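Work through the exercises below with the structure open beside you, and try each task before you read its solution.

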Amino acid sequence: MTISSPFSGVLKRGLLACSASAVLAVASPALAQTSTAQPIAFAIESQSLETALTGFARAADVQVVFTPELVRGRRGGRAVGVMAPAEALRQILAGSGLVAAQVGERTFSVSQAGHASTDAATLDEVIVTAQKRAQRIQDVPLAVTVIDGDDAARRGIDSVTSLVDEVPGVSVNYAFGGTNYGLISIRGIGGADDYKPNGNPSVALHVDGVYQTSNAYLGMPLFDLDRVEILKGPQGTLYGRNTTAGVINAITKGPGDTIEGYGRLEVGSYDYTAMEAAVGGPLSDKLGVRVAVLAEQGGGFMTGAGAGDLAGFRPIIGGVTQTQIPPIVDPGRREGFGDKDLFAGRATVSMDFAPQTNLTVKLFGSRDRGDTRQYDRISAALDTNIANAGENDDPYEFYSSEYPTHSIDIYGVSAMLTHALGENLNLAVIGNVQGSTRAIQGNGDGSPYPASRFDADEKMSQTSLEMRLSDDSGGRLDWIVGAFYVSDDIDFDTHWTSYTARTKYDNLHKQTRNSFALFGQVDYELTQKLSLSGGLRYTRDEATFSGRNDDLNPWGISTFTTTFATTNPFIWDRAFEDDNVSGRITAKYAFNPSLNVFVSAGTGYRGGGFDGTSIFTQAETLPFDSETVTAYETGLRWTTPRLRLSLDAFSYRFKELQATTRLANDTNGRANVGEAESKGIEFAINAVLFETSNQTLDVDLAAAFLDTEILSFSSARVAEVLQTVGDPLPGAPDVTATLALKHGLVLDNGWRLDSRLSVSHHGEESNRLNATPGNTAKAYTLLNARVELETAANWSVYAYGRNITDEVYFPEMNGASRLVGAPATYGVGLRYRF
C-alpha cells in the first residue's frame, strides 16, 4: 500500500496487502464521496499515475492511499486550473479504470472501478509491455493480441505453434523440414522462411525479454505464463533484426508479493497425461523465489502400419536387384504413435538490493524425448509413386520403416537488472546465455521409401545483452534509448540416406553470427489529444559459414556427383556482413479517454545470411541479401466499461524477399526471390453481454483478412516465373477467425462454474512458392468446449473437448504427403490453487 501525502512516502507493500485487488476493471471513474475542501490551484500534467497522485497529494495537502500494483503502468490525466480536490482527482483518474473514495477528512482511497458498484459489468484491464514499458493495451499504437497466462492454460496453449487457430493472422508451415522445423507466419509473412536452425525467422520470439536466435527454440514449452503478447507487423525500432512479420513475447510468472501457487493433473484421449505445478512468493522483504515444473506424456493419435508393400524392398538398376543395399525393414504395426515425453522446469529468483534496484534471474530447461509426428500419404489409388506403400484412405494411418523419436534439450539462464537512477529515469539490463542440442530423424514424404531420409544432430548456443535507459513515466515526453548485442554459434550435421542418389552422404555445417544494434524512441504529447512517436534503429550483422559434403558411397553405386551436379568432397567457407537503419513514425489522436486512432509508417529489416540446407554448388554457398519492408498501418481503439474494440488496416511491401524455393539443381534452398506485398484488415471485439449478481456472459470475436501477392520472382525457369507471380505468399490464409463465448455462474456456498465454447476458422493456404494444388491445404473449422467447477476451497475439476465435431483436416499438404490435424480429443483434470 502506498500513502501519498505532504509528509509520507511509500510504505512497505505488506502493510495493507490484504486490501490489494486481484482484478483490474475499466469503468468511468467517479468519487464515492464529495470532498468538502475549498477549490485550489492545480498544475498537474498527464504523466505516470503514481507521480500524478503524489503531486496531487502535495498540492491539495491530503493523503491518497493506493497499492503500487494498482497504479503500475497507468497514466494519469491532466488537472490544470482552480478546482476542488475531488474534481482534480476525478480528472487525474479519468480513463484509468480507477475510482477514489474520500475515507477521512483529508484522506482519499484509490481502488478499482469495479469495486465502486457491484451492478456494473466491466471488462478486465489489460496491461502490456509491447513498447518495452507498461501500458494499457488500448493506448498502444500497434496491433497487439494478448493471451493471459490462465487463459492460455485453459485453451491448451503450451508452445508457440499452438497459437495457431487461437490467434487470427498466425499460421505455421512445416513444408520442407518436417514437424520439428516449423515456420511461424504473421499476416502472411514467414511461411517461406529458413527451416534449418541457422536461419533468420521473420517472427522474432522473445521469452522474458530475451531474443531467441533460431527457429529451433520454437520447441521451447510455454508454461506458468503471466501472458503472451503477439505484436503483428514489422517492429524495426524497439525489436530490430528479423521482425518483418512481428514479435511474440512470452512472459513467465515471477515470485509475486505473497506466497501462492497451484498444482494441476490432467488425463485425456490417447493416454495423454499432464502434470504442472508452481509455487512462489517472498522469502524475505528483499528476496522472492518461484519454481515451476511441467511434465507431459502420451497423446499420440496416429497408427503406424509398418512398411507395407515396401517391406524388404531393394533398388533395382537395369533389371538387377542391388543386394548390397540393406532391404527396407518392416517395424511392425504400432498404435498411438506421436506420444509426448516432455519434462520442463524453471526457477526464478528476484532480489531487491534497494528500493530502486531489482535483479531477477531465471534458470530454465526442458527435455523432450517424444515421438516425431509423421506425415500420411494419399491413397495408393491416387498416388502411383514408388514411395507409396499401399496407403488406404485413413488419414490417421501411415506407413514407415521406423518409428522415429527425437531428443531435444533446451537450457539456459537469463537475468534482468532494473535500477531507478532518478525520478522517472530507469535503467534496464537483460543478459542471457542459453543453448540447445537436438537429434532428429525424418523422412518427410510420409513413406518407408528413403528418397531423402535424414538424421540431424544440431548444437546451438547464444549469448545476448540488452541495455535500456528510459523516461517512461507516461508524461508529456517519454523516451527510450538502448543497445543490443547477440552472438550465436550453430553446428548442424545431417546424415542422409538417398535412394535417389544411390548413396549415403553427410552435410557438415558451422555458422557463427554477431549482431549489434543501437535504438531509440521518443513519444511526445503535442496536445492533450495528439501525440507523436518516432524511433530509429541501427543494426550491424556479421556471419561466417563453413562446411563440407562427403559422399560415403557405402554401396559402390553412388550417383552423388551427377544427381546433385557437385564434386566430392565439396567444401566451402564464406563470410557475410551488412548494416541497416530502420525506423517508425506514429501519430495518435485521442478523441476522448475511450477512443483513439493512429497512423504509422515505418521500415523493417531482416538480416541476410546463408542457406542451411544441402549445399552442392559454389552458387549455393553465396550469402543471400538482407530483406527490407516498408510498412503502413492505421488503427482504432475504442474502450468502454463493457466493450473493447480494435480495428487495424495495413499494407506491407517487401524487397529482396527471402524464401526457400527450388534451386537450379532441383534441391530446396534459400535465396532472394523478388518482391511481395501483404495487405489486410483485422478486428477484435471483447464485450460483456450481460452480468447479474451471480452470472456473467462475455464474448470474444477476432478475425484477420489477408491479401498477399508475389509481385516479382527471380528464377532461371520461365515457367516457374509465370506460375509464381501473382500467387499468394506461403503461410498466408485469406481468412482466419475465432469466436468464443465465456459464461460464469456463482453457485451456493461459494462454488463457481465457468464454461467456454469457441470456434476457430482457418482459411485455405499454400505451404510453398510455386505452389500446386497438392501444396495447398483446404480451409477448416474447429469447435472446442471447456467447463470448470471450482469450490470455495480453491479446488476445481474441469473437462474439455477439442475438435469435438471430429473434423478431418490437414494443416499442411505437401504433394502426395499430408500432415493431419488431431481428431476429437477429450480430457478431464483436477486443479488446486493456494
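Helices and strands are DSSP runs, of at least four residues for a helix and at least two for a strand, and they are numbered from the N terminus. With that in hand, note before starting that the model is a predicted one.

**Exercise 1. Find where Glu 656 sits, and decide whether it is buried, partly exposed or exposed.**

Step 1. Look for the strands on either side: Glu 656 is in the loop that runs between β38 (643–655) and β39 (658–662).

Step 2. Turn to the backbone, where the phi angle of Glu 656 is near 50 degrees, which is a positive value in a residue other than glycine.

Step 3. Apply the cut-offs, by which buried means under 20% relative accessible area and exposed means over 50%. The relative accessible area of Glu 656 is 37%, so this residue is partly exposed.

**Exercise 2. Carry out the analysis for Asp 806: which loop holds this residue, and what is its phi?**

Step 1. The loop that holds Asp 806 lies between β48 (795–802) and β49 (812–814).

Step 2. Although Asp 806 is not a glycine, its phi is positive, at about 55 degrees.

Step 3. Since the relative accessibility of Asp 806 is 42%, it counts as partly exposed.

**Exercise 3. Describe the peptide bond from Asn 568 to Pro 569, and locate Pro 569.**

Step 1. Read omega for this bond: the value is near -5 degrees, and the bond is cis.

Step 2. Place the proline along the chain, where Pro 569 falls in the loop between α5 (560–563) and β35 (570–592).

**Exercise 4. Which residues does Asp 455 contact, leaving aside its neighbours within four places in sequence?**

Step 1. Begin with the element: Asp 455 belongs to strand β31, which covers residues 453–471.

Step 2. With those neighbours set aside, the contacts of Asp 455 are Ile 440, Gln 441, Asp 493, Thr 494 and His 495.

Step 3. Compare sequence with space, for Asp 455 and Pro 404 are 51 residues apart in sequence, while their C-alpha atoms are 10.0 Å apart.

Step 4. The relative accessible area of Asp 455 is 21%, and therefore the residue is partly exposed.

**Exercise 5. Repeat the reasoning for Leu 689, which lies in strand β41 (residues 674–691).**

Step 1. Not counting residues up to four places away in sequence, Leu 689 touches Arg 642, Leu 697, Asp 698, Val 699 and Leu 741.

Step 2. His 743 is 54 residues from Leu 689 along the chain, yet the two C-alpha atoms are separated by 9.9 Å.

Step 3. Leu 689 has a relative accessibility of 45%, so it counts as partly exposed.

**Exercise 6. Build a picture of the whole chain: how many helices and strands are there, and how compact is the chain?**

Step 1. The protein chain contains 7 helices and 51 strands. Its radius of gyration is 28 Å, close to the 28 Å that the globule rule gives for 834 residues, so the chain is as compact as a globular protein of that length.

Step 2. Buried residues make up 54% of the 834 residues. Of the contacts with a separation of 6 or more, 68% are between residues 24 or more positions apart.

Step 3. Finally, weigh the confidence: the mean pLDDT of the chain is 88, and 92% of its residues reach 70 or more. Over residues 5–36, however, the pLDDT is below 50, although this stretch has 75 contacts in the model beyond near neighbours in sequence.

Terms used: Residues numbered from 1 in each chain as written. Predicted model: local features only at pLDDT ≥ 70, side-chain atom pairs only at ≥ 80, totals over all residues. Heavy atoms only, no water. pLDDT = per-residue confidence, 0-100. Contact = heavy atoms within 4.5 Å. Rg over C-alpha atoms; globule rule 2.2 N^0.38 Å. Buried < 20%, exposed > 50% of the residue type's maximum accessible area, 1.4 Å probe, protein only.
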